[in-house]
2 protein chains.
Amino acid sequence: MKDTILYLIPALGLVGLIVMALKSAWVSKQDAGDEKMQSLADKIAKGAMAFLRAEWKVLGYFVIIGALLLAWIGTMKGSPEHPVHSSPIIAISFIIGAVFSALAGYFGMRIATKANVRTTQAARTSLAKALKVSFNGGTVMGLGVAGLAIMGLGGLFIAFLAMFKVVEVQSTEMMTAIEVLTGFSLGAESIALFARVGGGIYTKAADVGADLVGKVEAGIPEDDVRNPATIADNVGDNVGDVAGMGADLFGSYVATILATMVLGQEINAGGDKFGGFSPILLPMVIAGLGLLFSIVGTWFVRIKNETDSVQKALNLGNWGSIVLTGVASYFLVTWMLPEKMSWFNAARGAEFTSMGVFAAIIVGLVVGTLMSLITEYYTAMGKRPVLSIIRQSATGHATNIIGGLSVGMESVVLPILVLAGGIMGSYYFAGLYGVAIAAAGMMATTAMQLAIDAFGPIADNAGGIAEMSQLPEEVRGRTDNLDAVGNTTAATGKGFAIASAALTSLALFAAFVGISGIDAIDIYKAPVLAGLFVGGMIPFIFSSLAIAAVGRAAMDMVNEVRRQFREIPGIMEYKAEPEYEKCVAISTKASIREMILPGAITLISPIIVGFIFGPEVLGGMLAGVTVSGVLMGMFQSNAGGAWDNAKKSFEKGVEINGETYYKKSEPHKASVTGDTVGDPFKDTSGPSMNILIKLMSIVSLVIAPYIAGIGATDTNKGSNCANKEACSMGHNGMGKCDMNKCATMSKAECAAMCDSLGCDSTEKAACMSHYGADGKFKACDKACCKSDGKACAGDAAHCKKKEMGGACCKDTANSEEKPCCKKK
Amino acid sequence: MKDTILYLIPALGLVGLIVMALKSAWVSKQDAGDEKMQSLADKIAKGAMAFLRAEWKVLGYFVIIGALLLAWIGTMKGSPEHPVHSSPIIAISFIIGAVFSALAGYFGMRIATKANVRTTQAARTSLAKALKVSFNGGTVMGLGVAGLAIMGLGGLFIAFLAMFKVVEVQSTEMMTAIEVLTGFSLGAESIALFARVGGGIYTKAADVGADLVGKVEAGIPEDDVRNPATIADNVGDNVGDVAGMGADLFGSYVATILATMVLGQEINAGGDKFGGFSPILLPMVIAGLGLLFSIVGTWFVRIKNETDSVQKALNLGNWGSIVLTGVASYFLVTWMLPEKMSWFNAARGAEFTSMGVFAAIIVGLVVGTLMSLITEYYTAMGKRPVLSIIRQSATGHATNIIGGLSVGMESVVLPILVLAGGIMGSYYFAGLYGVAIAAAGMMATTAMQLAIDAFGPIADNAGGIAEMSQLPEEVRGRTDNLDAVGNTTAATGKGFAIASAALTSLALFAAFVGISGIDAIDIYKAPVLAGLFVGGMIPFIFSSLAIAAVGRAAMDMVNEVRRQFREIPGIMEYKAEPEYEKCVAISTKASIREMILPGAITLISPIIVGFIFGPEVLGGMLAGVTVSGVLMGMFQSNAGGAWDNAKKSFEKGVEINGETYYKKSEPHKASVTGDTVGDPFKDTSGPSMNILIKLMSIVSLVIAPYIAGIGATDTNKGSNCANKEACSMGHNGMGKCDMNKCATMSKAECAAMCDSLGCDSTEKAACMSHYGADGKFKACDKACCKSDGKACAGDAAHCKKKEMGGACCKDTANSEEKPCCKKK
């Protein structure tokens, strides 16, 4: 039964990829329009590929260096106290993750650059046709990402189970297999970071640059063929919103499943049909089912008439797949999981039920839905937040900016309350596993989410091509209709992405604590609190670097466009073609150059903190990054979205204090300023926060086995006591009193030592309890942490929590082991 | 000896107040200029007083309600498990704190509204004279704040020691005295919040409103007498920058000293000359000395010639008082403290030395200095950050905003690293007491800091009066010189204020943990993590409300000014006087109305979270608020400061890409937008963060005794075990196994219960250890947590950490107490 379902997982991924190929072929078959349209589309496609090639070249070096480093640390075995279970194979896992992530972006972008012009052409016929082409383009992206993720994870897991000869869940072999599998996620998420940041800088440098000179200075419309930066702008939609978003969600998807698997291996699910593997397999199977139901959901996305609501059709598909997945998980959970499960190490959490797991999945679905709805409220036209920005545009640029910043800051309140509720709820139902599976449930319909997301930039591009090709008003009307819906879905997609990143990070955080061998992250300790501060600061410097990069690159773009207008005569009269490729080159170069530093900070800071200060301080830093990153991500994304739609509202005219204002009015100019400020917020730094927090968690997870035991983080509670775990009862039993030393002392000497080290009275008492009535030292008791939860016969008392598989603790005084204990 | 120094403390405060009165009389004696100047100054003074009266009226209700509530909870005694040591007297303490805080603001504002016009008049003679008048005005404010704080705290402490008959440091009487004293800090900080937020909204609504219509629309200079909002703008400088800043620093000053005192009562300083009181007295004595050395420092602030540097004179005074205080604390610490100190409850920290305390003070002074320097770098003219904003002004409003936001975000990096280093350093030297005393050391020269700070708005006002009175260029030149220096000191003052708030909050945080009876804040627990998220969100909603309030009030102001220009003929030709008082009324009304909601959130949210979820979740929330508040405070203050100086740089002309731009150029207009956005950032929401984080900590500290024991925050580690502390060894000894129940069970039954409750193997082992070889339950051991650190004779093992004063734990099975134990 275990093997059947094990092979079913990659098979489901393959189904997704086959459907993707069919849809892709269908899109390619569609009419690509007249020569002019094809030429423009060709320029966009070439520009996009040029960026990908440039990015891949840099990332190639990164992947090689990363793989070598991973292979090297994979050979380490750790100390006897803190054994490491890894293998150099992790390097291969990393490379595959990186390649799959790049592939996911590539598939999406290739189809997007085909679907855009075909959507324009379809819009000449009908809205229904245009929606079909653009949404099918998006679907290809969604299915590609989900299919590759499931096939990759499932396939590698089968391979690693075989390679490391895993028989039991609670075994060092399984730990090795899972640790090696984290390499896949690390590879995927690293590429995602660079794709998101690089793509984000690219698209906004082009967009801001094009707007500033084109719209503001030269007074030509957006997407005007005379603007030298217009091709770069359209390329940007593809590299940022399609490839970047795809890589981002690919990373989240993989990381969520993986984190749940890591926690799953800590769970005693004896009595299931899968040899105890069910908690590990469950997230992959849910993902596979979610993929199937996403395919089903795409059938609902269709309209018949010009006046049908596109948004409704998309909602129907989205809701269909979510509800189907929710219902299916009930049966899946009942079938796969035993009724009750417990943690092998009971300190990790209480017992929970299969219905608790189902409830946690529902919590995840609800959190994801609420986050999307709240994001939509804060960024949609006609709602209070956007209306307030419009009103504040009447008094100028500055008040428009103040209004947008205020809306963005306000917009974090409800999502955080929902998230906090979701954390507590899913934890209540199934402990830490519940938090992770909630994230997995939320991410199950990623294929559908991404299809809806990627549809947006395709429609946007289609409109751009229609404008540049000077097609009839009617065509542009249809693409505008799709584009407007795309703006809303882009906003809700961002809400979904940040919620998923937050839950994923929490799941990774929980997994990290398990693997790094700490049992608390106590912010009351000064170094941990310092870690929290430093972690909280990182999203600020990351955002600062990202938006400054956009500012700089946009200035380069502005100067280049001004130069072309000045030096190439006849551009404005359509007599000469601008040098589009120079603008493309500026964006490409800037984005590649500027993505290095933020990426490096993300990757290196957890390594430095982890190896110098140890896992508990690193845990504090991760918490800081997660909280601050989620807040900054939502603040920036929502402010940007609200500014964007405040500006868009002027197209149909807005009423402020009884007067109606249209485009080119003073308030509209103020709203353009807000939109331009919002551009890097919502498309560069804001969404990068997702990957920042996930990637730092994954890096920490990968290094967790190596830093276990580093750092006297517990400066006053006794982690310096090397043997405390072997000999004490509570985990902070004896403070700094070293039993090895006490063993050579009299009771009075040991008491003096405890005092001098600042042990408190209970710690001291624990030390004293090792002296017999005669005042002589007696060796500590021995005990097992047996996987069945039963203690050894005899004077069971103490054991090492960290050691798994029922291994006995070693008595330092005499190293015999009780017969009931299994050898490691 | 104890009494001598006890009475010396308020005496030092009185010295400060006497010097203040002398300086105040000197300023009042100075020439107030011609009739026109006096009339303008009179309008400003009346407007300021009108605001204070309106504010006091609202705050009067608040103080009465707050006092009644405090008196009521002061009567509660808590449960036997968690006794509360308080008294209804806390209400009186609260009222005195509130009144003193209001008085501090009032003193400062009254002298500032006198010093402004006298500075203008003095500037007709010489720069030296103008500096003398304006700096003496600032000194009055500084001495008033520090003198009131020291006299209030010292006097109340003497009164409470007598009232509650405190004899020993480790006693419930002392706990009561200190808890009641926290009321003083709560009163002070509550008033500070409203003063800062209300004042901040007032000043920026007037400033933004005046700028938008005056400078931008009507094209008249700042402070032009024809602008109806100009008086409101000048009033704003006094109510926001003087009264608000004064109340803020008064609050920080009191809170820091108090937090150190709270921690001081936990320290065993046996062997000092003050009956063990030295760690409690030390922060007050340091503050008193700092006040004296601040008076000494003011002597250095003088110049002789027109070309002398005002900044240098101020620096000399500042450095003088800091160095003198640092040197003096060496002798003070050596004299007052015993060589070695330990914590009564050893779990709170390791032993430390008096030299460690001195080192921690130096860490505090260094952190404060570095924070000021870094802030100056990020906001000063001619440095990279401001220059980068200037450059980005060339491409328009949007890039200017992007540049400023980017600078603001970047500016948090170094301060956070300094702060993290400061936390670790001071903790390393003297544990939690070190963190608190570092903050106290930093705040010691508050009088000087505030003198320098308050000098800024006085000079600003003086310039305004010179402009409005159309005095000669030469006079305006001198006031501009002072004003420019004032801008820099305002920025560094904000850096100092946020650093002090951060350290103060940490000290309060440490004090809170001690009083609420928890011994860890484990963010790995889901509810605590949820608390961290919610806490992190609060600075965002607070900022959002504050800047939105400014936006709204500024719009009202704009509409009123437009109306006056339209409806009152002859304003622009100086023929009719604008209705200044209407603008003053708008600002006053708006600020009072808008300060309520943010204030309520700050005060109520810790109460709700504390009473529902208990101290550990509240601790998580406090950590979230502190980290996020410090980051948002620095981000906003520094971005605002940088924008301001980027705009100011245009006055002398700036070079961008080889061209020089002056005022009224396009880049200058863009820089005005940035400045306007920065106004609420740097003067409303940014500095409010200080008070937000301090006040939430103080509220938590006040409610801490009442929430001890609330909330099953430890959902999986056994806090449900009512008797675990009485009977277990480590603090999480036995998981959920209730010893009361086990006492009625056989060993096997108890084992089954442990399993069913999810206890882990060590917890279970702890339970099992209570069964004898015959399988029967035996009562647990009894032990003391004696204050001298020695355990009871006999089989000492377990005790309640939370109970102080050497009280024995009660054995639930048989309630005898060992003879060595003291009664509570």
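**Exercise 1.** In this predicted model, find what span helix α9 of chain B reaches and how many of its residues are buried.

Solution. Helix α9 of chain B covers residues 354–379, which is 26 residues. From its first C-alpha to its last it reaches 38 Å. At 1.5 Å a residue, 38 Å is expected, and the span is close to that. As for burial, 19 of the 26 residues of α9(B) are buried, and the helix is mostly covered.

**Exercise 2.** Classify the packing of helix α10 against helix α11 in chain B by angle, and give the hand of the crossing.

Solution. Step one: α10(B) spans residues 384–393 and α11(B) residues 397–410; their axes lie 7 Å apart at an angle of about 160 degrees. Step two: angles over 145 degrees count as roughly antiparallel, so α10(B) is roughly antiparallel to α11(B). Step three: the crossing is right-handed. Step four: α10(B) contributes B:Arg384, B:Pro385, B:Ser388, B:Ile389, B:Gln392 and B:Ser393 to the contact, while B:Thr399, B:Asn400, B:Gly403, B:Gly404, B:Val407 and B:Glu410 come from α11(B). By class, the contact residues are three nonpolar, seven polar and two charged.

**Exercise 3.** Do the same for helices α3 and α14 of chain B, starting from their crossing angle.

Solution. Step one: the axes of α3(B), residues 90–123, and α14(B), residues 473–516, come within 8 Å and cross at roughly 125 degrees. Step two: 65 to 115 degrees counts as roughly perpendicular and over 145 as roughly antiparallel; α3(B) and α14(B) are therefore oblique to each other. Step three: their crossing is right-handed. Step four: B:Thr119, B:Thr120 and B:Ala123 of α3(B) meet B:Val475, B:Arg478, B:Thr479 and B:Leu482 of α14(B). These residues divide into three nonpolar, three polar and one charged.

**Exercise 4.** Is B:Met141 buried or exposed, and which residues does it touch?

Solution. B:Met141 sits in helix α4 of chain B, residues 127–163. Its relative accessible area is 1%. Buried means under 20%, so B:Met141 is buried. Leaving out residues up to four places away in sequence, B:Met141 touches B:Ala104, B:Gly108, B:Val242, B:Gly246, B:Leu450 and B:Ala454. The C-alpha atoms of B:Met141 and B:Ser24 are 9.3 Å apart, with their positions 117 residues apart along the chain.

**Exercise 5.** Repeat the analysis for A:Ser685 in helix α19 of chain A.

Solution. Helix α19 of chain A runs over residues 666–707. A:Ser685 has a relative accessible area of 0% and is buried. Beyond four places in sequence, A:Ser685 touches A:Ser543, A:Ala546, A:Ile547, A:Gln636 and A:Pro680. A:Ser685 and A:Ile201 are 484 residues apart in sequence, yet 8.6 Å apart C-alpha to C-alpha.

Notes. Residues numbered from 1 in each chain as written. Chains lettered and ligands numbered in written order. Predicted model: local features only at pLDDT ≥ 70, side-chain atom pairs only at ≥ 80, totals over all residues. Heavy atoms only, no water. Axes fitted to C-alpha atoms, helices over the stretch in contact; angles between N-to-C directions. Helix = DSSP H or I, 4+ residues; strand = E, 2+ residues; numbered from the N terminus. Parallel < 35°, antiparallel > 145°, perpendicular 65-115°, else oblique. Left-handed = near helix turned anticlockwise from the far one by under 90°. Contact = heavy atoms within 4.5 Å. Nonpolar A, V, L, I, M, F, W, Y, C, P; charged D, E, K, R; others polar. Expected span 1.5 Å × (residues − 1). Buried < 20%, exposed > 50% of the residue type's maximum accessible area, 1.4 Å probe, protein only.
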